[in-house]
Amino acid sequence: MAAKTIAVGEDELVACCGSTRFAQELAKASPFSSLEEAIAAARDVWFNKVDVNGCLQAFSAHPQIGQQTPSSSAHPTSAQWSKGEQSTAFATATTSSLQQLAEWNARYYQKFGFVFLICASGRSTEEILAELKKRFPNRPIVEFEIAAQEQMKITELRLAKLFSSKAKETSTGDHYPAAVAKKAEDRVSIIGGHLTAASEVSAGKTIQAPSRTRPPITTHVLDVSRGSPAAGVEVYLEIWKGPHPRPVFGESDAGGWVFQGSSTTDNDGRSGQLMSIVDVVNPGIYRISFNTSKYCPTGFFPYVSIIFEIKESQKREHFHVPLLLSPFSFTTYRGS
């Protein structure tokens with residue numbers, strides 16, 4: 001018997017993620033043989049093909065957290081799902097907490113230019129408010145990356161709901177096994193559990209890490225002097241293989257670095273694939289270098305190198321190293 005597949009269209013996918021670019025690209029990859037396949041494709045599209053404007057479009061489709069009034073740009077199904085996702089928050093809300101949320105939402109929007117985004121499923125109003133206050137001091141680029149991660153969590157949950165609904169529809173005509181619909185429903189619960197992975201780890205539970213859909217080391221360059229992504233910046237990735245366990249400050253490290261991959265930032269400032277997509281990255285000390293002199297010949301820095309270490313316990317993590325660049329300064333941090 002041929003494997004059964006589920007096809008999804010652009011309109012349905014806009015409800016899962018408000019970015020039209022996301023919906024277009026994921027619809028091209030349809031149909032999918034499983035929800036897991038769809039989620040893997042969705043992650044690839046969101047993190048590698050959707051630009052800054054596409055992300056902001058997706059963010060704008062969400063209502064302010066703590067409010068039931070849908071965004072004017074929200075898909076009707078998206079608005080319905082938003083209410084369900086905030087059900088715990090509304091059930092635990094008080095007049096005081098809702099007032100605080102409204103005040104902090106306004107402060108957040110004024111600072112960052114987009115709504116505070118968090119996967120609200122199963123979270124109380126107090127939990128959401130605490131997270132909003134915690135993230136408020138972040139730099140805009142840091143907060144943008146966090147919001148993009150939260151958007152992907154929400155999208156995963158909604159894809160699971162969409163697959164559950166479509167599987168039920170097709171199962172009534174005996175063209176699709178009813179067991180598949182049940183599996184999709186179960187996946188909703190599984191994803192919900194995945195979103196609280198951090199608390200489960202702290203409780204000593206073992207979490208099965210999902211397969212990667214992008215390289216374990218990525219970067220993103222923004223030109224803060226122009227207020228736009230920095231396109232055309234050459235990027236090199238290397239790993240330390242010198243005579244010593246690690247490079248020593250003040251000593252020559254000639255010949256100690258081994259080339260891993262290179263790329264050039266695209267119009268969104270993303271470097272693309274610097275290394276292969278592997279579930280487990282080799283622990284070690286890495287150096288990522290940016291050819292800033294070619295991008296800005298009159299700048300102060302001929303090139304910028306950032307050195308970081310991936311430990312044995314971190315080999316399944318993702319390492320995102322954004323660079324904020326101006327002619328006479330640069331700032332970096334490790335993203336999730």
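Modeller: Accessible areas are computed here by the Shrake-Rupley method with a 1.4 Å probe, and they refer to a model that is predicted. On that basis, the chain has an accessible surface of about 16,800 Å², and 53% of this surface belongs to carbon and sulfur atoms.

Colleague: What share of the residues of the chain count as buried, and how many helices and strands does the chain have?

Modeller: Of its 336 residues, 45% count as buried, and the chain has 12 helices and 8 strands. Where contacts link residues at least 6 apart in sequence, 68% of them join residues at least 24 apart.

Colleague: What makes C16 count as buried?

Modeller: The term requires a relative accessible area under 20%, and C16 has 0% relative accessibility, so C16 is buried. The same cut-off applies to C119, whose relative accessible area is 6%, and C119 is therefore buried.

Colleague: How do you know how many disulfides there are?

Modeller: A disulfide needs a pair of cysteine sulfur atoms within 2.5 Å, and by this rule the count is 0. For C16, the nearest cysteine sulfur is that of C17, at 8.4 Å; set against the limit of 2.5 Å, this distance does not qualify, and C16 is in no disulfide.

Colleague: Why is α2 called oblique to α3?

Modeller: Helix α2, residues 20-29, packs against helix α3, residues 35-48, at an angle of about 135 degrees, and their axes lie 10 Å apart. Angles over 145 degrees count as roughly antiparallel and those from 65 to 115 as roughly perpendicular; the value of about 135 degrees falls in neither class, which makes α2 oblique to α3. Their crossing is right-handed, and in the contact F22, E25 and L26 of α2 meet A38, A41, A42, V45 and W46 of α3.

Colleague: What makes α7 roughly parallel to α8?

Modeller: Helix α7, residues 95-112, and helix α8, residues 125-135, pack at about 30 degrees, with 10 Å between their axes. Angles under 35 degrees count as roughly parallel, and α7 is therefore roughly parallel to α8. The contact involves S97, Q100, L101, W104, N105, Y108 and F112 on the α7 side, and T125, E126, I128, L129, L132, K133 and R135 on the α8 side.

Colleague: Is the crossing of α7 and α8 left-handed or right-handed?

Modeller: The crossing of α7 and α8 is left-handed, whereas that of α2 and α3 is right-handed.

Conventions
Residues are numbered from 1 along each chain as its sequence is written. This is a predicted model: local features need pLDDT of at least 70, side-chain atom pairs count only at pLDDT 80 or more; totals for chains, interfaces and linings use all residues. Side-chain values use heavy atoms; hydrogens and water are left out. Helices (H or I, at least four residues) and strands (E, at least two) are DSSP runs, numbered from the N terminus. Buried means under 20% relative accessible area, exposed over 50%, partly exposed in between (1.4 Å probe, protein chains only). Contact means heavy atoms within 4.5 Å. Axes are lines fitted to C-alpha atoms, for helices over the stretch in contact, and angles run from 0 to 180 degrees between N-to-C directions. A crossing is left-handed if the near helix is turned anticlockwise from the far one by less than a right angle, and right-handed if clockwise.
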